[in-house]
Amino acid sequence: MTTKNLRRQALQRCGALAALATVGTLGALATFNPPLARAATPAAPPKAAELVYVGMQERQIRALAFDAATGTLTSLGTVAEGLRSTWTLAHPTLPVLYAVDDDNTREGSVTAFAVSRETGALTRINEVASGGSGTTYLSMDVPSMTLLVANFGGGSSSSIAVQRDGSLGARVSTIRETGSGPHRRQTSAHAHGIVVDPTGRYALVSDLGADRVFVYSFDRTTREMSRDDAANPAPFVATPGSGPRHIAFGPDGRVAYLLNELTAEIVVLRWDPAHGSLTAVQTQPISSSAFVGVKSGAELTVSRDGRFVYVADRGENTLLVYRIAPGTGTLSLVQRVPSGGERPWYFALHESGKWMLVANQRGGRVNVFAIDPASGRLADTGHAVDIPSPVSLTFVK
């Protein structure tokens, strides 16, 4: 690379970081405007509203304003274009948004954007290659400030350093898997989710194609995942054809919940951090007994108070609420309710625990549900906005 090009890259990076440092002012946002991030200036959000970013299958990111007092949503418009950002994630403390480029025809990437809290506008900071195609999932290990990435098309997972200013550092490690299953969508490995366990010693990758939850050693000091076949725990072997999608830990760190996409089941797993092993203790179908369509589990989340598990059933267009039994972590069904649209791909819980936003992908709508804090039950508020193919939702502080 020439000296001239190096100098140009340095100046671009400085401009992005300056925008982040003064985020919230239109003047700062105007100083850096790369092609991928160009979008019309969004409408100003109402006062006291919170920003929500919608990842889409339309090569756009759109912004919403959410009023936590009334449960109403306001569309702010398109804030980024060019990336197929089917998954977004917020920095835990800074106004920074991370977005994947989910394209199976080439290597994927993760892009960091500075967020204007005043307007919702996004300013591109930098981008890092994800180590595989079809980048589909992000999670953050906050103690080590590491971004964990699952590449569905490439069957790989990666760890990426996050700098103090929220920009992306180097990709530290990438592990590629092989494997297959009996379903037509399981001709190869397809990493679909990745989380670090509560001890920080392991990274768990739920792989839809291989019917496995792979367990890798993770070093919070180096931010590196490693696959040492002699030392690493054996993967959890799921039921053939079940298609593990996403996994989430319960509040005590001893129980994990696995959502299988292809069989639409939720599996309660006992986690042994001393040996890095998972053992199934309960399996529940999420579709009703009368359902005869194509099954498709989409998303699961543990409530902030650790009392409930919420699940989206994309096949039956429903949301489910499960109560967690203290001590055992096993689940009992509390409620099954229509999602307010077609193919609920994702949902996000507000930090207050009082609201759920649901992305109904085929219905092209984001719906607002109220949550009863005592029972965990959901109620459709009737508040919604129309957005083409929404598949992820992210609140940004």
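Student: Which loop holds Ser 296 in this predicted model?
Tutor: Start from the strands on either side of the residue. In this predicted model, Ser 296 is found in the loop between β20 and β21.

Student: And is Ser 296 buried or exposed?
Tutor: The cut-off for buried is under 20% relative accessible area. Ser 296 has a relative accessible area of 7%, so the residue counts as buried.

Student: Leaving aside neighbours within four places in sequence, which residues is Ser 296 in contact with?
Tutor: One of them, Ala 264, belongs to the hairpin of β18 and β19, where this residue takes a positive phi near 50°. The full set for Ser 296 is Glu 261, Ala 264, Asp 313, Arg 314, Gly 315 and Arg 343.

Student: What is the order of the open sheet that contains β20?
Tutor: Begin at the edges: β17 (244-249) and β20 (277-285) each pair on one side only. The twist averages 25° from one strand to the next. The pairing is antiparallel, and the four strands have the order β17-β18-β19-β20.

Student: How many bridges join β18 to β19?
Tutor: Take two of the partners as a guide. Leu 258 has Val 267 as its bridge partner in β19, and Asn 260 has Glu 265. Strand β18 covers residues 255-260 and strand β19 covers residues 265-272; they run antiparallel, and the number of bridges joining them is six.

Student: How about β19 and β20, how many bridges there?
Tutor: Asp 272 stands opposite Ser 277 in β20. The two strands form a hairpin with four residues between them. They run antiparallel, and the count of bridges is eight.

Student: Which residue in that β19 and β20 turn has a positive phi?
Tutor: Look among the four residues between the strands. Phi there is about 65°, and the residue is Gly 276.

Student: On the other side of the Ser 296 loop, what order do the strands of the β21 sheet take?
Tutor: The edge strands are β21 (297-302) and β24 (331-338), each pairing on one side only. From one strand to the next the twist averages 20°. Pairing is antiparallel, and the open sheet reads β21-β22-β23-β24.

Student: Which residue in β22 is the bridge partner of Val 302?
Tutor: β21 and strand β22 (residues 308-313) run antiparallel and are joined by five bridges. For Val 302, the partner in β22 is Val 309.

Student: Now the core: how many residues does the largest nonpolar core have?
Tutor: Nonpolar side chains tend to be buried together in soluble globular proteins. Here, 57% of the protein's 397 residues count as buried. Strand β14 (residues 212-219) gives the largest share of the core, five residues. Those with the most contacts inside the core include Tyr 98, Leu 204 and Leu 357, and the core's total is 64 residues.

Student: Which residues is Leu 357 in contact with, leaving aside neighbours within four places in sequence?
Tutor: Two of them, Phe 66 and Leu 73, stand opposite each other in the pairing of β2 and β3. Another, Leu 393, is also listed with the most contacts inside the core. The whole list is Val 52, Phe 66, Leu 73, Tyr 346, Phe 347, Ala 348, Val 366, Asn 367, Val 368, Leu 393 and Phe 395.

Student: How many bridges pair β2 with β3?
Tutor: Their hairpin has four residues between the strands, and Gly 71 takes a positive phi near 80°. Strand β2 (residues 60-67) and strand β3 (residues 72-81) are antiparallel, and the number of bridges is eight.

Student: Just before β2 there's Arg 59; what is its phi?
Tutor: Most residues other than glycine have a negative phi. Arg 59 lies in the loop between β1 (50-56) and β2, and with 32% relative accessibility the residue counts as partly exposed. Its phi is a positive value, near 55°.

Student: What about Arg 223, what phi does that one have?
Tutor: Arg 223 sits in the loop between β14 and β15 (224-226). The residue is not glycine, yet its phi is positive, near 65°.

Student: Last one: over which residues does pLDDT stay under 50?
Tutor: The protein averages a pLDDT of 90, with 88% of the residues scoring at least 70. For the stretch you ask about, the model has 42 contacts beyond four places in sequence. That stretch is residues 1-35.

Technical notes:
Residues are numbered from 1 along each chain as its sequence is written. Side-chain values use heavy atoms; hydrogens and water are left out. pLDDT is the predictor's confidence in each residue, from 0 to 100. Contact means heavy atoms within 4.5 Å. Buried means under 20% relative accessible area, exposed over 50%, partly exposed in between (1.4 Å probe, protein chains only). Two strands pair if DSSP finds at least two bridges between them. Axes are lines fitted to C-alpha atoms, for helices over the stretch in contact, and angles run from 0 to 180 degrees between N-to-C directions. A nonpolar core is a set of buried Ala, Val, Leu, Ile, Met, Phe, Trp, Tyr and Cys residues joined through side-chain atoms within 4.5 Å.
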